[in-house]
Amino acid sequence: MTPFDAIGSYLDQMDVSAWRYFPVVGSTNDMALNWAKQGAPDWALVVADAQTAGRGRAGRHWVTEPGCALAFSLVFRLSPDEIANYARLAALGGLGLINALEGLGLKASLKWPNDVLLSGAKVGGVLVESSWLADQLEAVVIGLGVNVSFGSVPPTEKLRYPAIDIQSALERPVDRWLLLAQIVHGLRNYRNILAEDAFVVACNQYLSWRDEWVRFQMPGEQPQRVRIMGITSDGRLSVETQSGSKFEVLTGEIIMRND
Ligand code: BTN
């Protein structure tokens with residue numbers, strides 16, 4: 001079965017309004033943003049087998065080799081309630097993936113702000129981007145990159161962090177397109193409660209290193225040790241420093257190096 005046919009066979013579970021599949025694209029987020037400009041409806045899906053210019057957070061390169069990963073983007077036309085909870089969208093992407101992994105029997109966690117970890121290694125990342133018309137938010141695109149089989153994990157020397165793929169964690173093959181359908185299904189479920197307290201509860205339930213001490217770096221600052229306290233209702237990370245002061249951060253990175 002071709003990827004196109006396989007994705008088509010799982011449409012019921014995803015309930016997408018429209019979809020496009022490409023063997024190779026630059027970035028599915030770009031395709032989705034362009035499609036949104038041309039009128040793509042809410043919950044339209046762009047999937048690619050491979051990306052040549054995939055990108056991650058902070059302008060980093062995201063590699064998607066053919067046949068071994070998931071790279072896809074969903075178009076959101078946000079309701080006013082959802083706009084008010086815009087800061088939760090990166091976590092929404094992560095929770096959708098975590099939900100699908102749970103269905104496979106894998107316990108994953110949410111590394112603030114936009115990564116999903118399995119056994120302490122990165123298995124997927126989320127990139128939220130927006131399309132504006134003057135000062136009006138036209139559409140939001142949530143892109144997910146997921147390491148499905150071994151070939152999706154770049155060589156260790158090229159990585160800034162430990163990484164893992166789902167098949168290696170499970171020690172058995174995974175149907176990539178069924179997994180896509182399950183992630184999209186999970187995203188839909190969590191989208192339904194995006195504005196509710198239950199969403200924040202879920203973020204905290206799955207949060208990596210909750211109540212643990214980690215190395216944390218804010219932009220332009222030296223790394224420091226902080227204790228992770230939780231995710232706030234507006235998507236910030238709440239931390240405590242070694243001197244006992246507590247604060248909430250909007251940007252920054254938990255350092256998880258290979259070395
Ligand atoms: C990160 O870890 O920094 C986020 C990675 C997000 C990668 C996905 S792959 C599909 C979509 N298209 C892109 O160009 N990026 C996202």
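A polar contact is a pair of N or O atoms within 3.5 Å. Keep that cut-off in mind. This is a predicted model. Let's start with the ligand.

Which atom pairs meet the cut-off? Take glutamine 51. One of its polar side-chain atoms lies 3.0 Å from a nitrogen atom of the ligand. That is a polar contact, because the pair falls within 3.5 Å. Now arginine 55. Here a polar backbone atom is involved, at 2.7 Å from a nitrogen atom of the ligand. Then lysine 122. An N or O atom in its side chain is 2.5 Å from an oxygen atom of the ligand. So how much of the ligand does the protein bury? The ligand taken alone exposes 410 Å², and the protein buries 98% of that.

Next, the shell. There are 20 residues around the ligand. Ser27, Gln51, Arg55, Arg57 and Lys122 come nearest. Where do shell residues come from? Four elements each supply at least two: α3, residues 28-37; β3, residues 69-76; β6, residues 121-133; and β7, residues 136-147. The largest share, four residues, comes from β6. As for chemistry, the shell has five nonpolar, eleven polar and four charged residues.

Now the space itself. Rolling a probe the size of a water molecule over the atoms shows where empty space is left. In this model, the ligand takes up the largest pocket. That pocket holds about 780 Å³ of space. It is lined by 45 residues. Closest to the pocket centre are Arg60, His61, Trp62, Lys122 and Tyr161. Notice Lys122. We met this residue among those that come nearest to the ligand.

Which elements give two or more residues to the lining? They are α3, β3, β6, β7 and β12, the last covering 253-254. The lining divides into 19 nonpolar, 16 polar and ten charged residues.

Last topic: the backbone. Most residues other than glycine have a negative phi, and most peptide bonds are trans. Two places here are worth finding on your screen. At the first, the peptide bond from tryptophan 112 to proline 113 is cis, with omega near 0°. Proline 113 lies in the loop between β4, residues 108-111, and β5, residues 115-118. At the second, alanine 58 has a positive phi, near 60°, and is not a glycine. Look for alanine 58 in the loop between β2, residues 44-51, and β3.

Key:
Residues are numbered from 1 along each chain as its sequence is written. This is a predicted model: local features need pLDDT of at least 70, side-chain atom pairs count only at pLDDT 80 or more; totals for chains, interfaces and linings use all residues. Side-chain values use heavy atoms; hydrogens and water are left out. A residue is near a molecule or strand if one of its heavy atoms lies within 4 Å of it. A polar contact is a pair of N or O atoms within 3.5 Å; within protein, one must be able to donate a hydrogen and the other to accept it, and residues adjacent in sequence count only if both atoms are side-chain atoms. Accessible areas come from the Shrake-Rupley method with a 1.4 Å probe; for residues, only the protein chains shown count as cover. On a 1 Å grid over the protein atoms alone, a cavity is a set of points where a 1.4 Å probe fits but cannot get out, and a pocket is an open set with protein on both sides within 12 Å along at least five of seven lines; lining residues have an atom within 4 Å of a point. A molecule sits in a cavity or pocket if more than half of its atoms lie within 2 Å of its grid points. Ala, Val, Leu, Ile, Met, Phe, Trp, Tyr, Cys and Pro count as nonpolar, Asp, Glu, Lys and Arg as charged, and the others, Gly among them, as polar. Grid points are joined across faces, edges and corners, and a volume is the space filled by probe spheres set on the points.
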